[in-house]
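Visitor: Please show me the structure, and let us examine the reasons behind the terms used to describe it.

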Amino acid sequence: MVTELHLWLGLLVIALNLAVGIWGLLVWRRVLTASRVFAQALAASQTVIFGQAIIGLLLLSQNLRAAEQLHYVYGLLPAALVVFAYSARRDDNLRNVLIFSIAALLSAALAVRALTVSGLVG
């Protein structure tokens, strides 16, 4: 059951971060305006990343291991990207949106890669 939760959260990480990343790029290009809903979606995408990492560590503590060791690298890098994005914030809000958008898109790509090396999908 925890393995299935980890898989579904991984899919949510991909979908949510892809959507927020594209949305953020549209805000950065001034096609859309930043809104409270965007900020909440961004926060949700980051929360799901950390939730996914915690579930992954729980699985690891239960001696349930991924098919390939690279899964752990690809699985934990999105959390590192969130930390990096917060550390790179400045007073320029548009720049911050760009950084968080790029981090979200990279997180989605890394989650796809983590999924492909997990051994859960063929």
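Guide: A residue is called buried when its relative accessible area is under 20%, exposed when over 50%, and partly exposed in between. The model before us is predicted.

Visitor: Why is Asn 17 called buried?

Guide: The relative accessibility of Asn 17 is 1%. Buried means under 20%, so Asn 17 counts as buried. Asn 17 is placed in helix α1. Its C-alpha lies 19 Å from that of Val 117, and 100 residues separate the two in sequence.

Visitor: How do you know whether Gln 52 is buried or exposed?

Guide: Gln 52 has 13% relative accessibility. The limit for buried is under 20%, and Gln 52 therefore counts as buried. Gln 52 belongs to helix α2. Between the C-alpha atoms of Gln 52 and Val 13 there are 7.8 Å, with their positions 39 residues apart along the chain.

Visitor: What makes Thr 3 partly exposed?

Guide: Thr 3, in helix α1, has a relative accessible area of 31%. Partly exposed covers what lies between under 20% and over 50%, so Thr 3 is partly exposed. Thr 3 and Ala 15 are 12 residues apart in sequence, and their C-alpha atoms are 19 Å apart in space.

Visitor: How many aromatic pairs are found in the whole structure?

Guide: The search finds two aromatic pairs. One of them is formed by Trp 23 and Phe 38; it is edge-to-face, with 5.3 Å from centre to centre and 65° between the planes.

Visitor: What makes Trp 23 and Phe 38 an aromatic pair, and why is it called edge-to-face?

Guide: Ring centres must lie within 6.5 Å, and planes over 60 degrees apart count as edge-to-face. The centres of Trp 23 and Phe 38 are 5.3 Å apart and the planes are at 65°, so both conditions are met. Trp 23 lies in helix α1 (residues 2-28) and Phe 38 in helix α2 (residues 36-61), so this pair ties together parts that are 15 residues apart in sequence.

Visitor: Which terms describe the accessibility of Trp 23 and of Phe 38?

Guide: Trp 23 is partly exposed, with a relative accessible area of 24%. Phe 38 is buried, with a relative accessible area of 6%.

Visitor: Why is the pair of Tyr 86 and Phe 100 called edge-to-face?

Guide: The ring centres of Tyr 86 and Phe 100 are 4.9 Å apart and the planes stand at 70°, so the pair is edge-to-face. The pair links distant parts of the chain, 14 residues apart: Tyr 86 is in helix α3 (residues 70-87) and Phe 100 in helix α4 (residues 93-116). Tyr 86 has 37% relative accessibility and counts as partly exposed, whereas Phe 100 is buried at 8%.

Visitor: How do you know how the span of α3 stands against the expected one?

Guide: α3 has 18 residues and reaches 26 Å from its first C-alpha to its last, close to the 26 Å expected at 1.5 Å a residue. At Leu 77, α3 bends by about 25°, and a proline, Pro 78, follows within four residues. Pro 78 is also among the buried residues of α3, which include His 71, Tyr 74 and Leu 81.

Visitor: What makes the phi of Arg 30 notable?

Guide: Most residues other than glycine have a negative phi. Arg 30 is not a glycine, yet its phi is positive, about 65°. Arg 30 is placed in the loop between α1 and α2.

Visitor: Why is Arg 30 called exposed?

Guide: Exposed means over 50%; Arg 30 has 66% relative accessibility and therefore counts as exposed. Asn 63 likewise has a positive phi, near 65°, and is a residue other than glycine. Asn 63 is in the loop between α2 and α3 and is exposed, with a relative accessible area of 54%.

Visitor: Which residues form a nonpolar patch on the surface?

Guide: The patch is formed by Leu 18, Ile 22, Leu 26, Val 31 and Leu 32, with about 410 Å² of accessible area together. Leu 32 is placed in the loop between α1 and α2. A patch residue needs over 30% relative accessible area; Leu 32, at 36% relative accessibility, counts as partly exposed.

Technical notes:
Residues are numbered from 1 along each chain as its sequence is written. This is a predicted model: local features need pLDDT of at least 70, side-chain atom pairs count only at pLDDT 80 or more; totals for chains, interfaces and linings use all residues. Side-chain values use heavy atoms; hydrogens and water are left out. Rings of Phe, Tyr and Trp (its six-membered ring) pair if their centres lie within 6.5 Å; planes under 30 degrees apart count as stacked, over 60 as edge-to-face and the rest as tilted. Helices (H or I, at least four residues) and strands (E, at least two) are DSSP runs, numbered from the N terminus. Buried means under 20% relative accessible area, exposed over 50%, partly exposed in between (1.4 Å probe, protein chains only). Patches are made of residues with over 30% relative accessible area and no salt bridge: like charges are joined within 9 Å, nonpolar side chains (Val, Leu, Ile, Met, Phe, Trp, Tyr) within 5 Å. Accessible areas come from the Shrake-Rupley method with a 1.4 Å probe; for residues, only the protein chains shown count as cover. A salt bridge is a side-chain nitrogen of Lys or Arg within 4 Å of a carboxyl oxygen of Asp or Glu. The expected span of a helix is 1.5 Å times one less than its number of residues. The bend at a residue is the angle between axes fitted to the seven residues ending there and the seven starting there.
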